[in-house]
Amino acid sequence: MTQPQQRWSLVGMALITGLVACGGVVQFAGNTPAIAGNPPAPPPAPTPPPAVVAPKPIKRVEVTVDHIVINEKIQFDSNKATIKPESNGLIDEIAKTLKEATQVKKVEIQGHASSEGDAKANLKLSDDRAKAVMASLVSRQVKAETLTAKGYGSERKLVEEKTEADREKNRRVEFLILDPAPKPGAAATPTPAPTGTATTVSGVKPAGSAPAMAPTAPKTTPKAGTLAPAPKK
Amino acid sequence: MNKSLILGSALALLSVASLSGCALRDTQMFHDDTAKLFDAKQGDMKACYDGILKTTPTAAGKVTVNFKWEPGTGKLLETAVDKANTTAPEPVQQCVTHALDGLVINPPDKKEGQGTWTFEFAAGTPKA
């Protein structure tokens, strides 16, 4: 082989080598790091309804300067001096209050009636009811010597009776603090009336329907919301 | 002697010239270059996957694709999901195929690269 021939054969081999090197198939495999998705945030928890603040229970029994005020009626059987069972809780609370109010030495339980019906019967019924309340308190370990009970019939009305609602206001039981006596000039505690009615009330219509008897004491008509003076002993 | 030297130099230059028009990747090089390209597409895949999670929070699994790098052009061709080795639901598979669509390996290789690649998708913890 001449020198030029040798040269061209070498060039050809080089070209073939290059072409061969460029061809073929390469197989490979791989993977990528895990792709972490972000799920949507869960829906916000429903906003809890605002905490319902329980209304402060109206205190059924309160001690004021001159009264043990009860913001609920003591219920009696009709025309009787029998306290209805539904008032037992209230009587319990009154007894508890009286036992805790150690500064109170003497309380008069007053029964009051409306002017409807026979005044004498009303007087007796109101007196019986006052005594029934006293007995129920004594049965709950309230010292008997701290209590007196008296019925006033309709002589100490809270309001003039033009309607049945007025009469209902006048039917009541009051707890008047006799000892310690309120200081002179101390304002009498108005009877609260949370439901629009009189509070310390027996709540039972008087017996009979005869005209009311003339009161034995001078008839006074205190304004609504004021308290009658303590009866003279 | 002088002629032989000239001839050797010429041959060497010729060999280099003949090789300069194409890349010559081995398996590892194909893997590495492919990984770089695919990694760059992870953002697109994640965005697509997040979208799927909005409606299908449990969507997850593996997607295995087979493909080829076209010799000479470097284009990604014949991308196909390997169903036998895929566990992710169809929408997630589409996230992969769409993200890879149009990729080109550069420089192109004179050899055909036949690849199998697996992408794994996992639903993370939802942000509070």
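What covers the buried residues of helix 2 of chain A? The cover includes strand 3 (61–63), strand 4, strand 5 and helix 3 of chain A. That helix is a handy way into this model, which is a predicted one.

**The two chains side by side**

Here is how the chains line up.

| Chain | Residues | Buried | Helices and strands | Contacts with a separation of 6 or more that join residues 24 or more positions apart |
|---|---|---|---|---|
| Chain A | 233 residues | 32% | 4 helices, 7 strands | 78% |
| Chain B | 128 residues | 26% | 4 helices, 3 strands | 77% |

As for the order of elements, chain A reads α-β-β-β-β-α-β-α-β-α-β from the N terminus on. Chain B goes α-α-α-β-β-α-β along its sequence.

**Back to helix 2 of chain A**

The buried residues of helix 2 of chain A are A:Ile91, A:Ile94, A:Thr97 and A:Leu98. Look down the axis and these buried residues fall within an arc of 125 degrees, so they line one face of the helix. Turned away from that buried side is a face carrying the exposed residues A:Gly89 and A:Glu100. The length works out too: helix 2 of chain A has 13 residues, which at 1.5 Å a residue should span 18 Å, and its end C-alpha atoms are indeed 18 Å apart.

**The core of chain A**

The largest nonpolar core has 27 residues, and those touching the most other members are A:Ile68, A:Val107, A:Ile109, A:Val133 and A:Leu137. At least two core residues come from each of strand 4 (67–70), helix 2 (88–100), strand 5 (106–112), helix 3 (119–138), strand 6 (147–151) and strand 7 (172–179) of chain A. Helix 3 of chain A gives the most, with 6 residues.

A:Ile109 is a good place to stop and look around. Leaving out residues up to four places away in sequence, A:Ile109 touches A:Ala130, A:Val133, A:Met134, A:Leu147, A:Thr148, A:Ala149, A:Val173 and A:Phe175. One of these, A:Ala149 in strand 6 of chain A, stands opposite A:Ile109.

Which way do strand 5 and strand 6 of chain A pair, parallel or antiparallel? They pair in the parallel sense, over 5 bridges. Between the two strands the chain passes through helix 3 of chain A, and this β-α-β crossover is right-handed.

In a regular strand the side chains alternate between the two faces of the sheet. Strand 6 of chain A shows such alternation: A:Leu147, A:Ala149 and A:Gly151 point to one face and are buried, while A:Thr148 and A:Lys150 point to the other and are not buried.

**Over to chain B**

There is a second, separate core of 23 residues, and B:Ile52, B:Leu53, B:Phe67 and B:Trp69 are among them.

Take B:Phe67, which lies in strand 1 of chain B. Why does B:Phe67 count as buried? The reason is the 20 C-beta neighbours inside 10 Å of B:Phe67, where 20 or more is what it takes to be buried. Setting aside residues up to four places away in sequence, B:Phe67 touches B:Leu76, B:Leu77, B:Glu78, B:Thr79 and B:Gly115. Of these, B:Glu78 is 11 residues from B:Phe67 in sequence, with 5.2 Å between their C-alpha atoms.

The strand pairings add to that picture. Strand 1 of chain B runs antiparallel to strand 2 of chain B, with 4 bridges joining them, and B:Lys68 stands opposite B:Leu77 in strand 2. These two strands form a hairpin with 6 residues between them, and B:Gly72 in the turn has a positive phi of about 90 degrees. Strand 1 of chain B also pairs with strand 3 of chain B, again in the antiparallel sense, over 9 bridges. In that strand 3, B:Gly115 stands opposite B:Phe67.

That leaves helix 4 of chain B (residues 90–100), whose buried residues are B:Val92, B:Gln93, B:Cys95, B:Val96 and B:Ala99. Viewed down the axis of helix 4 they fall within an arc of 150 degrees, so they line one face of the helix. What do the buried residues of helix 4 of chain B pack against? They pack against helix 3 (42–55), strand 1 (61–69), strand 2 (76–81) and strand 3 (112–123) of chain B. After helix 4 of chain B comes B:Gly102, with a positive phi near 90 degrees.

Notes. Residues numbered from 1 in each chain as written. Chains lettered and ligands numbered in written order. Predicted model: local features only at pLDDT ≥ 70, side-chain atom pairs only at ≥ 80, totals over all residues. Buried ≥ 20, exposed ≤ 12 C-beta atoms within 10 Å, placed from the backbone. Contact = placed C-beta atoms within 7 Å. Core = buried A, V, L, I, M, F, W, Y, C linked by C-beta atoms within 7 Å. Arc of directions from axis to C-beta. Pairing = 2+ DSSP bridges. Right-handed = clockwise from strand over helix to strand, strands pointing away. Expected span 1.5 Å × (residues − 1).
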